[in-house]
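Student: I should like to examine this model with you and learn how its descriptive terms are justified. May we begin with what is meant by a contact?

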Amino acid sequence: MIDYHAILPEIILALTVLAVLVTDLVTKDKYYAAVVGMAGLFATMIPLLTLALCDDLAGCSGELPRVLFGGSYVVDQYAVVLKAVFVFAVFIALLLAVAYLESDRYYEGEFYFLLLAAALGGVVMSSSRDFLTLIIGLELVSGPGFLLAGWRKGDERSNEAALKFFIIGVTGLALLLMGVSLVYGITGTQLFAELAATPQAIVDEPVFALGLLFVLLGFTFKISAVPFHVWTPDVYEGAPTPVGAWLSVGSKTAGFVGLLTVCYLAFPQVSNLWGPALWLAAILSMTVGNFVAIQQTNVVRLLGYSSIAQAGFILAPFGAAAAAGADLQQAFAASVTYLVIYAVMNLGAFGVVIAVGTRLKTYELADWSGMYRWSAGLAILVGAFFLSLAGIPPLAGWFAKLAMFSATIAVGDIWGYSIAVVAALNTVVALVYYTKVVKTAFFDPVPDTIDVAALEGMDVAPPMQLALGITAVLVLVLGVFPGLVSTLAQYSSEVVTAAGL
Amino acid sequence: MTIGDWLTESANWAFLFLAIPTFVASVMVVSSRNVVRAVLYLVIALGGSAALFLMLGAEFVGWTVVLVYIGAVIILFLIGIMITRAPLTKSVDLSHPISAKAPAALLSVLLFGVVAWAVVESFGLETIPLPEEATRTGEIGLSIFTSWVIPFEVVSFVLLAALIGGIVLARKDEPAEVP
Amino acid sequence: MMTIIQWILLGAALFSVGLYGVLTRRNAVLVLASVEIMLAAVNINLVAFDTYLSDPAYTGQIFALFVIALAAAEVGVGIAIILMIFRNRHSVDVDELDLMRY
């Protein structure tokens with residue numbers, strides 16, 4: 001008997017995806033397809049809440065974790081939290097996309113369909129506890145991503161973004177699958193719980209380590225960590241900007257979910273192998289990402305490189321703890337904390353970039369000069385999101401940084417201290433370019449080419465206002481009451497071990 | 001076990017008979033100077049892998065490869081070549097120049113060397129028991145629909161998304177509709 | 001007797017050849033063909049290991065079936081993207097993907 005309550009979010013989301021497709025077919029006004037999609041996302045949140053709060057609800061039985069299909073699909077606290085993150089990210093991306101798509105001739109209904117299908121992939125991934133389900137879910141996130149990146153069909157940059165992203169994505173997939181096949185061959189299983197219980201004699205075989213290496217390489221492509229990061233800014237710049245927002249948050253979160261789940265649940269006994277690899281990737285990503293970001297003049301590319309650097313920060317606690325052989329759970333909680341806050345503030349930052357971009361028709365930083373004169377509201381939002389990314393209190397980003405630093409320092413050892421020092425230096429470097437953006441928006445004189453009077457008259461579209469409002473409020477609330485997100489992360493980290501091991 | 005023992009086994013001759021053309025054809029896919037030939041060599045490489053699957057008793061997988069790859073995917077490739085009007089004769093600009101090929105070749109050989117070393121180290125001369133009879137397709141179906149229902153359903157969404165997104169990107173818009 | 005390593009060496013060889021193709025081919029259709037070779041190599045590994053392990057659940061074979069489905073989907077996506085690019089610039093040369101640099 002299948003536990004339908006446990007997979008109700010997936011079922012609702014799958015039906016929503018199909019409903020969006022049908023709505024697109026029968027209505028003339030494609031706006032309705034987006035409305036159906038948003039309604040479906042709300043409906044998906046309901047079973048997520050009832051699953052999380054099942055103990056307190058009358059008539060609800062069964063507590064988390066719920067194990068389905070012989071342990072290959074597990075709904076635990078970690079899964080519920082990450083499903084909510086995916087649903088939230090798609091919701092904001094939809095809001096950002098609506099106004100953007102209406103502004104020009106795009107295929108709309110199909111866009112919403114693909115975005116929601118990607119959400120379904122993320123939701124499935126969060127619960128996957130075997131390689132097969134995980135990879136299929138990952139491809140349902142990436143596949144629509146390849147297509148959406150090319151949505152500006154007439155724009156050669158967008159075409160280029162789609163092809164680059166596609167070639168990188170399928171090569172990463174092939175590496176990942178090669179790793180899985182080797183691991184399967186030596187252990188005879190691809191279920192995480194059984195892999196974690198692999199006897200030491202098999203763990204010592206070189207094929208096992210090699211398979212793990214291929215798996216890590218495959219995921220490094222997906223999270224755009226150094227050395228497989230070069231595609232990121234090109235894709236974000238070329239893709240329609242709302243797609244860039246989704247890729248930088250949703251697609252990246254999917255990669256992290258895969259990487260963290262696989263490392264934590266399938267290969268905990270070889271953390272001495274993957275720990276140093278993640279540690280190195282974290283250090284390289286934050287350093288390379290930040291130092292290249294400083295030189296950017298295009299805001300979208302700047303966000304692209306900044307997202308590479310942020311990926312390094314997300315990996316740092318987990319990589320350091322694993323490399324040092326310390327307790328993984330606290331580090332895991334810190335990484336999840338950072339991931340959740342990153343998702344909120346990066347969506348907001350992209351949102352404000354889109355809002356400004358639709359007015360200026362350009363993403364060059366020089367044209368942002370003196371934004372405060374023509375739109376104080378947008379300039380303040382720029383300040384909020386970019387300073388949050390920099391980690392300035394009381395905006396949410398500071399708590400992400402705090403969680404990351406305290407977790408790496410708690411690891412101790414040379415691994416933990418060294419990465420904390422590198423992260424501290426990088427935080428300073430990042431401060432330079434994030435504040436440069438804010439300074440440009442507030443204090444620089446308006447360039448002559450910009451017609452202030454015309455810009456003042458333009459409104460931000462209502463869906464965009466809603467998206468910016470939600471993310472801005474969250475950035476502020478999570479910064480002032482960081483307990484909310486740390487509780488969430490703690491909640492998600494405690495059960496994952498119990499369920500998986 | 002010596003090379004002599006290995007060579008007296010008739011199954012190994014069958015293996016070589018299939019594996020060598022598969023390998024050679026795949027080398028031709030990545031090196032041929034004629035686009036159409038390269039894709040037709042892909043047919044041989046994939047057909048060889050399908051025959052190898054039959055040898056391993058994986059009949060359903062083998063025939064799926066024949067139907068899906070050789071029946072459908074290759075056609076897609078050929079359509080792609082036709083529409084992009086690739087030259088049907090030899091051309092030099094299908095690959096990077098030799099200066100870029102050398103590091104790639106080195107990397108590939110290195111990759112093969114590392115995997116080969118690890119595999120030999122781990123598996124040594126362990127034998128693979130060729131099955132008496134082919135895998136029953138019914139059992140595979142049963143396994144898919146008991147343990148792997150979720151990935152099976154999800155993969156249908158992957159295909160649907162690829163289909164619909166592919167149509168949108170590949171279709172030719174009316175001039176007025178071009179964004 | 002048949003050894004397992006001969007199968008995995010074949011898989012590894014095909015995978016390396018495919019990687020070489022991805023790195024050196026300039027025609028996007030042929031890059032895609034090279035990726036297909038890499039995925040075919042993975043399938044050989046999976047099915048050979050399945051037989052080697054005498055897996056009662058046929059995990060390897062089922063995994064290979066899913067890989068085939070994914071590969072088919074990816075080819076569809078890839079060809080669509082390539083057609084779109086060809087329509088705009090009349091070339092499918094991946095070396096010309098250089099509109100965006102730093």
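Tutor: Two residues are in contact if their C-beta atoms, placed from the backbone, lie within 7 Å. Please keep in mind that this is a predicted model. By that criterion, the contact between chain A and chain B takes 34 residues from chain A and 24 residues from chain B.

Student: Which helices of chain B each supply at least two residues of the side that touches chain A?

Tutor: They are helix 5 (98–123) and helix 7 (149–170) of chain B. Helix 7 of chain B gives the most to this side, with twelve residues. By residue class, the side of chain B that touches chain A divides into 18 nonpolar, three polar and three charged.

Student: How many residues of chain B are in contact with chain C, and how many of chain C with chain B?

Tutor: There, 78 residues of chain B are in contact with 62 residues of chain C. The elements of chain B that give two or more residues to this side are helix 2 (10–31), helix 3 (35–55), helix 4 (59–83), helix 5, helix 6 (137–147) and helix 7. Helix 5 of chain B gives the most, with 13 residues. The side of chain B that touches chain C comprises 56 nonpolar, 16 polar and six charged residues.

Student: What does the secondary structure of chain B come to?

Tutor: Chain B has seven helices and zero strands. Its C-alpha atoms fill a box of roughly 70 × 50 × 25 Å along the principal axes. A compact globule of 179 residues would have a radius of gyration near 16 Å, whereas chain B has 21 Å. Buried residues make up 35% of chain B.

Student: And what are the corresponding values for chain C, in helices and strands?

Tutor: Chain C has three helices and zero strands, and its C-alpha trace spans about 55 × 25 × 25 Å along the principal axes. Its radius of gyration is 17 Å, against a value near 13 Å for a compact globule of 102 residues. Of the residues of chain C, 78% count as buried.

Student: What makes C:Y58 buried or exposed?

Tutor: A residue is buried if 20 or more other C-beta atoms lie within 10 Å of its own. C:Y58 has 24 other C-beta atoms within 10 Å, and is therefore buried. This residue lies in the loop between helix 2 (28–53) and helix 3 (59–89) of chain C. C:Y58 also has a positive phi of about 55° although it is not a glycine.

Student: Why is A:K361 counted as buried or exposed?

Tutor: A residue is exposed if 12 or fewer other C-beta atoms lie within 10 Å. A:K361 has 7 C-beta neighbours inside 10 Å, so it counts as exposed. A:K361 is placed in the loop between helix 14 (328–360) and helix 15 (371–374) of chain A. The phi of A:K361 is positive, about 60°, although this residue is not a glycine.

Student: How do you know whether A:A400 is buried or exposed?

Tutor: The count for A:A400 is 29 C-beta neighbours inside 10 Å, and the threshold for buried is 20 or more, so A:A400 counts as buried. A:A400 is found in helix 17 of chain A. Not counting residues up to four places away in sequence, A:A400 touches A:T337, A:Y338, A:I341 and A:Y342.

Student: Why is the packing of helix 14 and helix 20 of chain A called oblique?

Tutor: Helix 14 and helix 20 (residues 462–480) of chain A pack at an angle of about 140°, with their axes 9 Å apart. Angles over 145 degrees count as roughly antiparallel and those of 65 to 115 as roughly perpendicular. The value of about 140° falls in neither class, so helix 14 of chain A is oblique to helix 20 of chain A. The crossing of these two helices is left-handed.

Student: Which residues of helix 14 of chain A meet helix 20 of chain A?

Tutor: Among them are A:I341, A:V344, A:G348 and A:A355 in helix 14, while the residues they meet in helix 20 include A:M464, A:T471 and A:L478. The residues of this contact divide into 13 nonpolar, three polar and no charged.

Student: What is the peptide bond from A:P393 to A:P394, cis or trans?

Tutor: That peptide bond is cis, with omega near 5°. A:P394 has its place in the loop between helix 16 (376–390) and helix 17 (397–411) of chain A.

Definitions and conventions:
Residues are numbered from 1 along each chain as its sequence is written. Chains are lettered from A and ligands numbered from 1 in the order in which they are written. This is a predicted model: local features need pLDDT of at least 70, side-chain atom pairs count only at pLDDT 80 or more; totals for chains, interfaces and linings use all residues. Helices (H or I, at least four residues) and strands (E, at least two) are DSSP runs, numbered from the N terminus. Ala, Val, Leu, Ile, Met, Phe, Trp, Tyr, Cys and Pro count as nonpolar, Asp, Glu, Lys and Arg as charged, and the others, Gly among them, as polar. The radius of gyration is taken over C-alpha atoms; the globule rule is 2.2 Å times the number of residues to the power 0.38. Axes are lines fitted to C-alpha atoms, for helices over the stretch in contact, and angles run from 0 to 180 degrees between N-to-C directions. Angles under 35 degrees count as roughly parallel, over 145 as roughly antiparallel, 65 to 115 as roughly perpendicular and the rest as oblique. A crossing is left-handed if the near helix is turned anticlockwise from the far one by less than a right angle, and right-handed if clockwise.
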